[in-house]
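Subject: Handover of a structure

Dear colleague,

I am passing this structure on to you, with notes on what was found in it. Please look at the sequence and the model before reading further.

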Amino acid sequence: DGSPAAGDAGFSDVAPGEWYEAAVAWASGNGIVNGVTDELFAPEESVTREQIAAMAKRYADYKGLSLGAEQEEIAFADGDQISDYAKDAVKTMQTAGIINGRGDGSFAPQGIATRAECAKILIMLSEK
């Protein structure tokens with residue numbers, strides 16, 4: 001979506017001039033990312049699988065992408081551990097074939113999203 005304009009990211013832990021400041025400001029301003037609180041973004045923290053699902057869904061919504069159901073919804077063994085804010089996003093991304101569960105039938109919502117998983121999500125979204 002081009003180079004985001006510099007701006008105040010609105011989080012006390014995103015210092016002016018940091019290499020990611022403009023990206024956080026753009027993504028936050030467009031409703032794609034939220035902070036871990038109203039005041040903190042936690043830029044050095046890892047991203048969980050449910051967080052990346054939520055960000056991917058918000059980005060798809062921002063772009064107006066049609067994410068139709070390409071596969072049946074999976075009842076993940078740990079589905080009750082998916083945070084309320086992420087439930088719809090996980091379902092949407094899973095049924096669209098963008099995000100899958102683990103081989104043991106779990107989703108691992110608080111597990112760390114690997115770089116490979118993030119790359120796959122970006123490629124799958126770009127193909128939509």
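A residue counts as buried when its relative accessible area is under 20%, as exposed when it is over 50%, and as partly exposed in between. Thr 92 has a relative accessibility of 15%, so it counts as buried. Please keep in mind throughout that this is a predicted model.

**Helix H3 and what touches it**

Thr 92 belongs to helix H3. Leaving aside residues up to four places away in sequence, Thr 92 touches Lys 57 and Leu 67.

Gln 94 also has its place in helix H3. Its relative accessibility is 1%, so Gln 94 counts as buried. With residues up to four places away in sequence again left out, Gln 94 touches Gln 71, Glu 72, Glu 73, Ile 74, Phe 76 and Ile 99.

**H2 against H3**

How do H2 and H3 lie relative to each other, roughly parallel or roughly perpendicular? Their axes come within 8 Å and cross at roughly 70°. Angles of 65 to 115 degrees count as roughly perpendicular, and therefore H2 is roughly perpendicular to H3. On the H2 side, the contact is made by Glu 50, Gln 51, Ala 53, Ala 54, Ala 56, Lys 57 and Arg 58. On the H3 side, the residues are Tyr 85, Ala 86, Asp 88, Ala 89, Val 90, Thr 92 and Met 93. Sorted by class, the contact of H2 with H3 has eight nonpolar, two polar and four charged residues.

**H2 against H4**

Helix H2 covers residues 49-63 and helix H4 covers residues 115-127; their axes come within 11 Å and cross at roughly 15°. Since angles under 35 degrees count as roughly parallel, H2 is roughly parallel to H4. The crossing of H2 past H4 is right-handed. H2 contributes Arg 49, Ile 52, Ala 56, Tyr 59 and Ala 60 to this contact, and H4 contributes Glu 117, Cys 118, Ile 121 and Leu 125. The residues of the contact of H2 with H4 divide into seven nonpolar, no polar and two charged. Ala 56 of H2 is listed in the contact with H4 and also in the contact with H3.

**Aromatic pairs**

How many aromatic pairs does the structure hold? There are five. Two of them are described here.

One is the pair of Phe 11 and Phe 41: the ring centres are 5.3 Å apart and the planes are at 40°, so this pair is tilted. Phe 11 sits in the segment before helix H1 (21-29), and Phe 41 in the loop between H1 and H2. The pair links distant parts of the chain, with the two positions 30 residues apart. Phe 11 and Phe 41 are buried.

Another is the pair of Trp 26 and Tyr 62, which is edge-to-face, at 5.4 Å centre to centre and with 85° between the planes. Trp 26 lies in helix H1 and Tyr 62 in helix H2, so this pair ties together parts that are 36 residues apart in sequence. Trp 26 has a relative accessible area of 23% and is partly exposed. Tyr 62, at 36% relative accessibility, likewise counts as partly exposed. Ring pairs also join Trp 26, Tyr 59 and Tyr 62 into a cluster. Tyr 59 is one of the H2 residues in the contact with H4.

**Backbone and exposed positions**

Ala 42 is not a glycine, but it has a positive phi of about 60°. Its place is the loop between H1 and H2. Ala 108 has a positive phi as well, near 60°, and is a residue other than glycine. Ala 108 is in the loop between helix H3 (84-95) and H4.

Gly 29 is found in helix H1. Is Gly 29 buried or exposed? Its relative accessible area is 66%, so Gly 29 is exposed. The C-alpha atoms of Gly 29 and Asp 8 are separated by 9.5 Å, while the two residues are 21 residues apart along the chain.

Asp 80 lies in the loop between H2 and H3. With a relative accessible area of 65%, Asp 80 is exposed. Its C-alpha atom and that of Pro 109 are separated by 9.7 Å, and the two are 29 residues apart along the chain.

Regards

Definitions and conventions:
Residues are numbered from 1 along each chain as its sequence is written. This is a predicted model: local features need pLDDT of at least 70, side-chain atom pairs count only at pLDDT 80 or more; totals for chains, interfaces and linings use all residues. Side-chain values use heavy atoms; hydrogens and water are left out. Axes are lines fitted to C-alpha atoms, for helices over the stretch in contact, and angles run from 0 to 180 degrees between N-to-C directions. Helices (H or I, at least four residues) and strands (E, at least two) are DSSP runs, numbered from the N terminus. Angles under 35 degrees count as roughly parallel, over 145 as roughly antiparallel, 65 to 115 as roughly perpendicular and the rest as oblique. A crossing is left-handed if the near helix is turned anticlockwise from the far one by less than a right angle, and right-handed if clockwise. Contact means heavy atoms within 4.5 Å. Ala, Val, Leu, Ile, Met, Phe, Trp, Tyr, Cys and Pro count as nonpolar, Asp, Glu, Lys and Arg as charged, and the others, Gly among them, as polar. Rings of Phe, Tyr and Trp (its six-membered ring) pair if their centres lie within 6.5 Å; planes under 30 degrees apart count as stacked, over 60 as edge-to-face and the rest as tilted. Buried means under 20% relative accessible area, exposed over 50%, partly exposed in between (1.4 Å probe, protein chains only).
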